[in-house]
Amino acid sequence: MLKYISKRLLMLIPVLLGVTFIVFSIMYMTPGDPAQLILGESAPPEAVAELRTDMGLDDPFIVQYGRFVVNAVQGDFGQSYTTKRDVFSEIFARFPNTLKLAGVAVALAIAIGIPVGIISATRQYSFIDSASMIAALLGVSMPNFWLGLMLILFFSVNLGWLPSSGADSWKHMILPAVTLGTSSAAIITRMTRSSMLEVVRQDFIRTARAKGVSEKKVINKHALKNALIPIITVVGLQFGYLLGGAVLTETVFSWPGVGRLLVEAIRQKDTPTVLASVVFMATTFSFVNLLVDVLYAYVDPRIKSQYQ
Amino acid sequence: MSSVTSAAKPVGLDKPKTKSKKRSQWAEVWRRLKQNKMAMLGLMIIGVIIFCAIFADVIADYDTVAIKQNLKARMEGPSAEHILGTDEFGRDIFARMVHGARVSLQVGLIAVGIAILIGGSLGAVAGYYGGKLDNVIMRLMDVFLAIPSILLAIAIVSALGPNLFNLMLAIGVSSVPSYARIVRASVLSIRDQEFIEAARAIGADDFRIITKHIIPNALAPVIVQATLGVAGAILSTAGLSFIGMGIQPPAPEWGAMLSGGRQYLRYAWHITAFPGVAIMITILALNMLGDGLRDALDPRLKS
Amino acid sequence: MSKLLKISDLSIQYNSEDGNVRAVNNIALELEAGETLGLVGETGAGKTTTALGIMGLVPNPPGKVVSGKIEFEGRDLMNATEEEMRMIRGNKISMIFQDPMTSLNPVMTVGEQIAEVIEIHQDLGTKEAMSKAGEMLELVGIPAARVNDYPHQFSGGMKQRVVIAISLACNPQLLIADEPTTALDVTIQAQVLDLMRNLKKEFNTAMMMITHDLGVVAEVCDKVAIMYAGEIIEYAPIKQLFENPCHPYTHGLFGSIPNLDEEVSRLTPITGLMPDPTDLPTGCRFHPRCPHAKPVCSQQTPKNSVVEGEHRVKCLMFEGLVEKVSINEASSKEVG
């Protein structure tokens with residue numbers, strides 16, 4: 001098992017390198033002169049040129065990239081063009097907030113999605129099945145930033161029950177988490193339903209029934225364990241969407257996370273912060289996928305055997 | 001006398017096909033799709049939206065109605081003159097929504113088109129030639145997939161500048177990996193079948209084999225993914241415009257309209273609500289159609 | 001001996017998109033304790049559906065038992081509640097299915113799957129059930145130490161043995177085996193059949209062996225029922241069936257077996273295909289394919305005629321309505 005994990009960790013390195021390369025290359029194409037940006041419009045050209053050389057902006061692309069990677073590995077992502085503060089610590093301060101938000105959102109999504117999916121599958125074509133499927137369809141179709149604003153309108157503005165910005169108490173978490181988690185909940189519901197329907201058709205379910213196993217146990221023990229395998233994949237992928245979606249949700253709710261930092265950085269053309277934020281999110285996502293792969297091996301003994 | 005029977009299946013329903021196989025396949029798909037009421041509803045709604053997009057100028061003139069500010073009539077609620085009210089600059093919301101349909105559809109279709117072209121080619125090549133080329137291409141796709149697609153699009157737009165073309169490019173590029181995977185999977189499932197060997201034996205070259213045999217078989221899953229992909233692209237467009245990374249004002253785009261109304265949520269919530277509903281209905285319709293297509297094209301139902 | 005299983009007038013139908021599938025039509029059969037009945041026929045004849053009907057596992061919807069009685073140990077299973085049926089399944093009546101590769105739950109150990117049926121029906125704790133599971137494995141020729149292995153770690157033949165172990169764990173009165181060896185290699189097939197035969201003798205289990213293979217029937221069965229288009233068209237003790245097959249279809253089945261001793265240039269299959277169960281032929285269901293069919297065969301449905309003792313057949317030739325052809329003569333004419 002340990003061999004499996006270390007092997008996957010090793011495979012992560014080229015992926016992360018690739019990610020840094022792609023994102024760095026994209027940001028490299030940003031027009032404009034960072035040195036000019038830092039010093040301001042009225043700065044004398046000599047000062048700008050000197051700063052450029054200091055920052056290494058005139059070096060060839062590969063050198064700049066290499067420098068970036070070497071520094072990044074040591075935790076140095078440079079300084080923000082706008083706030084002049086260390087980018088890494090800025091991100092690090094906000095990162096737990098984003099993680100918390102995404103974590104609660106995914107927990108909500110699973111807590112709702114899987115049970116509803118199971119009920120839908122076992123009562124196929126019933127009223128509750130149709131209702132859930134329509135609700136799931138709506139959930140998947142709503143833009144999350146719009147949902148957030150509507151929730152604010154309803155619960156904050158009109159009813160005054162819940163706060164609409166900041167992150168001070170657990171109450172502040174509710175609306176953002178619901179906003180972020182809704183489309184994931186919908187997707188997980190649909191996936192659970194189809195996975196269960198698929199599994200229930202399998203021969204070994206018929207064997208279980210022929211043994212006299214109660215229908216409840218057939219569903220919850222025999223079917224569910226097998227159905228979980230593709231569901232886990234989807235949950236892992238959803239985490240990626242959540243990290244992306246957090247950008248919008250954090251903006252709507254003024255949630256102090258990396259997403260909002262990213263949006264601000266883009267507005268101000270603060271390339272180091274944009275670069276670091278995207279790399280951070282991608283790295284997190286990769287680790288989550290690694291976790292999912294390990295979880296796989298636990299749930300599916302066929303995969304476990306491959307790595308023993 | 002083989003006898004693999006599954007207990008639940010009523011047997012004896014497989015009749016030998018007498019009609020021309022290809023023609024009846026698509027007709028069969030259409031017939032199945034027609035039976036799906038939700039999919040048909042989705043199709044109708046999309047039809048209406050396409051109509052709005054094409055005839056936007058006829059419904060509401062761009063310069064005078066959609067863009068021109070009228071500060072005396074700011075943030076009015078729905079009325080006879082303005083069916084859905086006016087926005088923070090006094091512009092008719094309905095007119096802007098209709099024009100917004102054009103923008104959304106444009107970006108959606110072209111972004112997905114780019115993704116299919118690039119992703120499909122990569123996937124086809126990877127699946128067909130296999131080996132090292134396959135490995136390299138798929139590793140590259142893995143790297144792209146490690147970055148949540150909206151973040152990738154944001155990065156591209158923030159680097160290249162927010163305009164319509166860059167938006168289409170960004171969303172298109174960030175969608176490439178999923179089409180690469182789908183096409184590659186299709187190719188792999190067919191590549192080793194015997195009729196391909198037969199084609200080669202009569203002298204067909206690789207290009208011909210790929211275009212004539214492999215791509216038609218990959219069509220079904222690509223069509224489903226494309227339908228859902230357009231939905232995703234429209235969502236991404238709206239999201240990017242919402243944070244200012246998309247179509248620039250005063251161009252009417254649903255997400256941007258939402259963003260504009262945000263600070264007036266308390267007393268003029270209609271500015272935010274209506275464009276959001278437009279987005280939702282569009283995505284809903286596309287999802288219903290996509291689901292219907294997936295069911296209609298399900299290979300397991302083809303006996 | 002009182003009959004263990006008595007089925008009378010059983011009909012099962014499926015409601016499908018293309019029509020009403022008449023899978024099983026008015027069949028009757030009996031089984032004594034310890035006897036083995038072979039249920040023979042081509043794919044689609046209704047054999048599996050019959051078995052599912054006995055177990056109460058016909059998927060509903062779309063399937064439905066429209067008529068008939070299934071008497072087991074004296075009581076009619078048609079009147080049993082679902083709860084009562086569940087107590088019978090795996091316990092008094094067990095069923096094993098055709099494809100061992102997919103019959104076992106991939107995420108549970110084989111020990112757990114055997115122990116499960118023991119825990120449900122017998123008053124044993126988990127530990128005891130697991131040790132009994134180990135014993136069952138030994139019984140079917142698998143080392144008890146493998147009780148914690150997963151299905152994918154076994155070969156096809158061994159998987160089928162596990163399935164057999166599960167089915168016999170609670171010592172059922174009746175074992176229904178639906179083509180248990182069809183998916184296996186011929187050599188493994190022989191081993192598994194041997195195993196089944198020995199266990200059957202040891203536990204005195206009655207067995208219903210569903211198969212399309214007359215060779216298997218010859219080895220294991222005491223009685224045979226030949227099914228066609230959902231009906232039992234011939235029913236006889238094994239010796240009588242092999243010595244005096246009456247129904248033209250039965251003849252066709254025997255005739256299509258390649259003969260080791262004869263040298264022929266072509267095999268002799270039965271012409272035509274199984275009829276569409278949503279659109280069965282009128283009169284005798286076999287008449288479109290029967291080489292001896294006469295006009296009356298498409299008009300009148302044959303009833304059971306007794307040939308000798310327990311041997312009965314459904315064919316108008318035996319009701320005196322059609323001239324009896326000496327079938328052996330007729331078939332050799334066809335081959336030439």
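Read from the N terminus, chain A follows the pattern α-α-α-α-α-α-α-α-α-α-α-α-α, with 13 helices and 0 strands; helices (H or I, at least four residues) and strands (E, at least two) are DSSP runs. This is a predicted model, in which local features need pLDDT of at least 70 and side-chain atom pairs count only at pLDDT 80 or more, while totals for chains, interfaces and linings use all residues. Residues are numbered from 1 along each chain, chains are lettered from A in the order in which they are written, and side-chain values use heavy atoms, without hydrogens and water.

**Dimensions and burial of chain A**
- The C-alpha atoms fill a box of roughly 85 × 55 × 30 Å along the principal axes.
- Of the 308 residues of chain A, 52% are buried (under 20% relative accessible area, 1.4 Å probe, protein chains only).
- About 14,000 Å² of chain A is exposed, and carbon and sulfur atoms supply 66% of this area (Shrake-Rupley method, 1.4 Å probe).

**Contacts in chain A**
- Of the contacts between residues at least 6 apart in sequence, 71% join residues at least 24 apart (contact: heavy atoms within 4.5 Å).

**Helix packing in chain B**
- The axes of α2(B) (residues 37-54) and α5(B) (residues 93-129) come within 7 Å and cross at roughly 105° (lines fitted to C-alpha atoms over the stretch in contact, with angles from 0 to 180 degrees between N-to-C directions).
- The two helices α2(B) and α5(B) are therefore roughly perpendicular (65 to 115 degrees).
- Ile49(B), Ile50(B), Cys52(B), Ala53(B) and Ile54(B) of α2(B) make the contact with Val98(B), Ala101(B), Arg102(B) and Leu105(B) of α5(B).

Methods
Buried < 20%, exposed > 50% of the residue type's maximum accessible area, 1.4 Å probe, protein only. Parallel < 35°, antiparallel > 145°, perpendicular 65-115°, else oblique.
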